[in-house]
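Biologist: Hello! I am new to this structure and would like to go through it with you. Could you show it to me?

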Protein chains: 2
Amino acid sequence: MTKARKAILARLKSAKQPISVTELAKQLSDFCNPVTVYRNLHYLENNNLATSFVLHCSDHGTERYYSAKEGKGHHHWFHCESCHQFIDLGGCFYTEQMRQFETEHGFTVHDHTFYLTGICEDCKQELGS
Amino acid sequence: MTKARKAILARLKSAKQPISVTELAKQLSDFCNPVTVYRNLHYLENNNLATSFVLHCSDHGTERYYSAKEGKGHHHWFHCESCHQFIDLGGCFYTEQMRQFETEHGFTVHDHTFYLTGICEDCKQELGS
DNA sequence: TTATATTTGCAAATGACTTGCAAAAAGCAG
DNA sequence: CTGCTTTTTGCAAGTCATTTGCAAATATAA
């Protein structure tokens, strides 16, 4: 495992929440090229060391967010469109419902996407709304 | 309302399922410029005549999909990554859960995204899997 | 430690989506 | 209708996330 790869994975782990490629590349800019970040994220995801999802945020547009895969199954998140922090909503609570949809409609689910966007508690206070 | 606008809205209505801007622009290519499609979709969404969401599909990448807003509240969809048809999962079933998350975490939800991707019944048979 | 395979950086491409600007169409007052 | 103001359109060009070709650099294996 190369040092760039190691650094990227380490940053994903320390982040404790999903992080966009743009942000990750910025943070590691002294360390490696953005292209290397993209390529290693693909590598990590293919090798089950990271997961990602695409999220659209009004400030930053549509971006893919990555997090380290460390045992604790699939999670869903709330994203604050003011401070851009994520809040963990806990483990995936849709497995059962997805099974139901599968039998009801006959399709096979390969993936699912769920996330919330809005304003977090702290930002609500700061913005006085 | 201009003829381009009318045509776009008509197509959204006749589609009965979300349609990507790319696809919509292709279908209306004899009729108006893609830029006009983009601009009118923004107009329609701002005026509550259309809704959209961002979906990532392995074949077509990340695109925004639009549908006409005709009374019948917020819906969620399954997207087949083979034939690229959508299957309606019915009205939104997350309102209650979202309220719960809001009180639990103190944030205010502005929007939520949920969709499934996979292979539909018909395509499973055709692909013999 | 040399030969082979993988990874990196750079430059350039892709593709969805946006924007500036001047011409064309739509609305509107008289 | 007709002239005038506002909105919309098309075109060209620009963003921005993400990908790709290629040759140099690094890692891995024999």
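Biologist: Which elements of chain A and chain B each supply at least two residues of the surface near DNA strand C?
Modeller: Happy to help, and please keep in mind that this is a predicted model. Both chains take part in the surface near DNA strand C. Chain A brings α1 (3–15) and α3, while chain B brings α3 and β3 (61–68).

Biologist: How many residues surround DNA strand C?
Modeller: The closest ones include A:Thr2 and A:Arg5 from chain A, along with B:Met1 from chain B. By class, the surface near this strand divides into 7 nonpolar, 7 polar and 5 charged residues. The number of residues that surround DNA strand C is 19.

Biologist: What lies 3.4 Å from a phosphate oxygen of DNA strand C?
Modeller: Let's go through the phosphate contacts. A backbone N or O atom of A:Asn33 is 3.0 Å from a phosphate oxygen of this strand, and a polar backbone atom of B:Arg64 is also 3.0 Å from one. At 3.4 Å, the partner is a polar side-chain atom of B:His42.

Biologist: Now for DNA strand D: which residue has a side-chain N or O atom 2.8 Å from a base nitrogen?
Modeller: Two contacts of this strand involve phosphate oxygens instead: a polar backbone atom of A:Met1 at 2.7 Å, and a side-chain N or O atom of A:Tyr38 at 2.8 Å. Of the atoms of DNA strand D within 4 Å of the protein, 68% belong to sugar or phosphate and the rest to bases. For the base nitrogen, the residue is B:Arg39.

Conventions:
Residues numbered from 1 in each chain as written. Chains lettered and ligands numbered in written order. Predicted model: local features only at pLDDT ≥ 70, side-chain atom pairs only at ≥ 80, totals over all residues. Heavy atoms only, no water. Near = heavy atom within 4 Å. Polar contact = N/O pair within 3.5 Å; in protein donor to acceptor, adjacent residues only side chain to side chain. Helix = DSSP H or I, 4+ residues; strand = E, 2+ residues; numbered from the N terminus. Nonpolar A, V, L, I, M, F, W, Y, C, P; charged D, E, K, R; others polar.
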